[in-house]
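Hi,

Here's the structure I said I'd pass on. Have a look at it first, then read my notes below.

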Amino acid sequence: MTTAKTQGGSPQKVREKISQIRQLPSWLSWIPGTVTIALMLMTLDYLFNLGMLNIVTGLETRFYYAVVALLLPLVYLLWPLRAAAQHRPIPWYDYLLSALTLIVGGYFVFHAESILERGWAFAAPETAIWASYAFWLLIIEAARRAGGWPIAVIVTAFSLYPLVADVMPGPIQAFPSSLEETAMYHTMSTESIMGVPLQAFAGLVIGFLVFGVVLQKSGGGKFFINLAFALLGHVRGGPAKVSIFSSGLMGSMSGSVISNVLTTGVLSIPAMRRIGMTRSFAGGVEACASTGGVLMPPVMGATAFVMAMFLDVPYAAVALAAVIPSVLYFLGLFIQIDAYAARHDIKGLPSEELPSLWATIKEGWYFIFVFALLVWMLLVMQREAVAPFYATALLLVLNQLSRHNRWGWKDVGDTLSGAARLFAELIAILAGVGMLVGALSMTGLSGTIANDFIHLAGGSVPLLLIMGALTSFVLGIGMTVTAAYIFLAVALAPALIQGGGLDPMAVHMFILYWGMLSFITPPVALGAFAAATVAGARPMATGLQAMRLGSVIYFIPFLFVLNPALIMQGEPLQIVLVFVQALVGIVLFASAMQGYLLWVGRLGHGAILETAIRALVLVAGLTLALPGGGMVPLSQVELLGISLAALVPAVLLARWSQRHARNGSPEPGL
């Protein structure tokens with residue numbers, strides 16, 4: 001099967017357009033790769049306790065400072081002051097800021113032991129205080145360049161909050177601090193810049209990011225999409241189903257929505273167009289599939305690792321909890337695509353145009369083998385910190401033994417540079433968001449804000465959940481998912497857990513899911529807009545299609561927060577029963593969204609009758625999936641009765657309508 005070109009240009013150009021990263025001049029092109037090598041050596045020495053770089057990795061905080069000092073200067077070289085300057089040469093002031101960031105970061109690396117032993121976070125020498133001011137400003141500007149204005153404004157406001165905490169309104173009033181005290185705490189305590197977000201990055205995320213980059217550069221994306229085409233390309237709506245399969249597998253290992261769209265979408269979107277799907281629908285399918293990939297274990301992106309740190313559980317526990325919700329999401333997407341294809345009589349691709357299943361597996365079997373090793377080390381051995389390094393090493397060895405995807409020196413350079421860009425972007429955002437957490441910790445507000453949320457909701461758990469969903473969604477629009485999650489994990493999660501008596505894992509997953517919705521929901525919809533660029537479609541139309549196709553994700557979080565059995569919290573029999581019930585409910589819900597139900601057919605002919613039948617099926621799906629008891633005032637039996645009472649007449653009406661349509665009668669309901 002030949003590689004298709006994207007409507008919006010090459011994947012590299014699309015990626016540059018979305019990320020706004022500029023190209024370094026040739027005499028500096030060695031820097032990103034060198035930074036990646038240095039970071040990898042430090043990280044391996046730290047995680048495997050090799051002792052070869054003990055001068056840096058022997059002290060934990062010094063290692064954290066070294067990670068920031070190494071990566072943050074790259075932000076000023078790669079991201080311009082304004083997006084419009086993306087294709088202009090690097091100006092003198094960005095070189096200056098990059099050098100200043102390296103010097104200031106190096107100062108903290110050098111004095112890490114004094115900072116820890118002499119308590120500089122509370123009383124530091126004057127030089128350290130001035131260095132703290134500079135570090136504070138440099139991190140905020142780096143976060144603005146890499147993450148955008150919204151995250152910079154929010155981080156700035158919260159980082160300055162301790163200065164004015166005593167004059168704030170009642171619920172958010174706290175003990176104030178001076179400018180010096182605030183700067184010292186942000187830069188030299190382990191609760192702010194060097195807090196949980198950065199610790200998760202240094203201890204867990206680096207390895208998985210490297211694995212994702214190596215997987216893409218070694219042809220993993222091409223293998224998974226060819227495998228999907230071989231298995232599903234011939235069925236109705238085949239290329240759209242291929243998108244689900246390949247993006248689910250690839251996204252679960254790369255952990256990035258945008259990278260996922262640009263890896264698998266360049267092949268699946270043109271194939272969807274060939275069989276008759278519109279540009280916006282094809283883009284919407286890919287955006288939803290790529291977003292779901294990040295929610296699917298074993299690798300779920302940086303946020304899941306931060307979640308494991310907040311919950312103080314192994315990452316394997318988070319991955320296991322995410323299995324059923326991700327299956328439900330992909331099932332809903334699959335059913336919608338199948339219903340759309342059946343309703344519009346869209347066939348699959350001819351078998352002769354599809355890759356051979358045997359040839360595909362023969363060429364890329366080792367990707368499956370590496371995937372299995374990663375899952376084994378994560379879930380069975382629970383070695384999440386080192387698992388991606390073993391998987392990456394095995395992948396590199398097997399890849400070099402393969403004659404199809406063997407690397408040359410250029411591939412090595414591209415991989416190292418690609419990893420450096422990912423590292424720099426994430427470190428800028430996480431260091432900035434760390435100050436947000438630090439401000440809440442410094443003022444003591446993190447301990448009281450939960451009570452304020454509970455008071456605001458009047459003690460109502462459903463209202464707390466709705467507030468949490470809306471807040472997560474709004475923050476997800478303005479910030480990255482990781483940033484929004486971290487803020488809400490500190491501010492809102494304790495309110496839901498303490499005030500509502502809800503399961504901690506369910507609450508944190510709830511926040512993660514609602515934060516992810518910004519990728520497919522206008523007006524931002526970054527995943528949908530990236531897919532629109534590939535498809536040559538209108539961004540807003542693609543966003544609306546993605547919102548409709550992924551609609552099941554809007555209420556799945558409510559299902560598992562109301563019944564934690566859906567995140568593997570409960571007895572095995574209960575988990576199975578709840579899963580099956582939710583499964584059937586999701587099928588009905590997705591079918592209603594497209595107006596076609598398996599084994600029934602089209603849900604009515606004529607606008608009024610079709611609307612009524614689809615509404616009944618929608619009600620049947622929602623009531624069947626909803627867990628009874630607890631906060632829901634109806635029992636499971638009562639909900640099942642309502643579901644059947646809606647579904648049976650809907651099916652009978654649909655059959656009657658189809659019979660009339662076949663007999664050539666006037667369309668009923670008009």
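First, a term you'll need: a salt bridge is a side-chain nitrogen of Lys or Arg within 4 Å of a carboxyl oxygen of Asp or Glu. Keep in mind that this is a predicted model. By that definition, the structure holds twelve salt bridges.

Let's start with one inside a helix. Arg145 and Glu141 pair up through their side chains, at 2.8 Å from N to O. Both sit in helix α7 (residues 126-147), four residues apart, or about one turn of the helix. Why does that spacing suit a pair? An α-helix has 3.6 residues a turn, so residues three or four places apart point the same way. Arg145 is buried, at 7% relative accessibility, because the cut-off for buried is under 20%. These two also belong to a network of salt bridges that links Arg22, Asp94, Glu141, Arg144 and Arg145.

Now for a pair that reaches further along the chain. The side chains of Glu353 and Arg274 form a salt bridge of 2.7 Å, N to O. Glu353 is in the loop between α17 (323-343) and α18 (357-380), while Arg274 is in helix α13 (residues 257-274), so the pair ties together parts that are 79 residues apart in sequence. Glu353 is partly exposed at 33% relative accessibility, and Arg274 is exposed at 55%.

Next, have a look at helix α15 (residues 302-311). Eight of its ten residues are buried, so the rest of the structure largely encloses this helix. Among the buried ones are Phe305, Val306, Met307 and Leu311. Their cover includes α10 (196-217), α16 (315-321), α20 (409-443), α23 (481-491) and α25 (504-516). Just after α15, Asp312 has a positive phi of about 55°.

There's a pocket to find too. The second largest one has a volume of about 320 Å³. It has 17 lining residues, and the closest to its centre are Met40, Val210, Thr392, Leu396 and Leu416. The elements that give two or more residues to this lining are α2, α10, α19 (387-401) and α20. Helix α2 gives the most, with five residues.

Helix α2 spans residues 30-47 and also holds Leu41. Together with Ile37, Leu50, Met52 and Leu53, Leu41 makes a nonpolar surface patch of about 510 Å².

One last residue: Ser417, in helix α20, is buried at 16% relative accessible area. Leaving aside residues up to four places away in sequence, Ser417 touches Pro32 and Gly33.

Cheers

Methods
Residues numbered from 1 in each chain as written. Predicted model: local features only at pLDDT ≥ 70, side-chain atom pairs only at ≥ 80, totals over all residues. Heavy atoms only, no water. Patch = residues over 30% accessible without salt bridge, like charges linked within 9 Å, V, L, I, M, F, W, Y side chains within 5 Å. Areas by Shrake-Rupley, 256 points an atom, 1.4 Å probe, with all protein chains shown as cover. Buried < 20%, exposed > 50% of the residue type's maximum accessible area, 1.4 Å probe, protein only. Contact = heavy atoms within 4.5 Å. 1 Å grid on protein atoms, 1.4 Å probe; cavity = no way out; pocket = protein on both sides within 12 Å on 5 of 7 lines; lining within 4 Å. Points joined across faces, edges and corners; volume = space filled by probe spheres on them.
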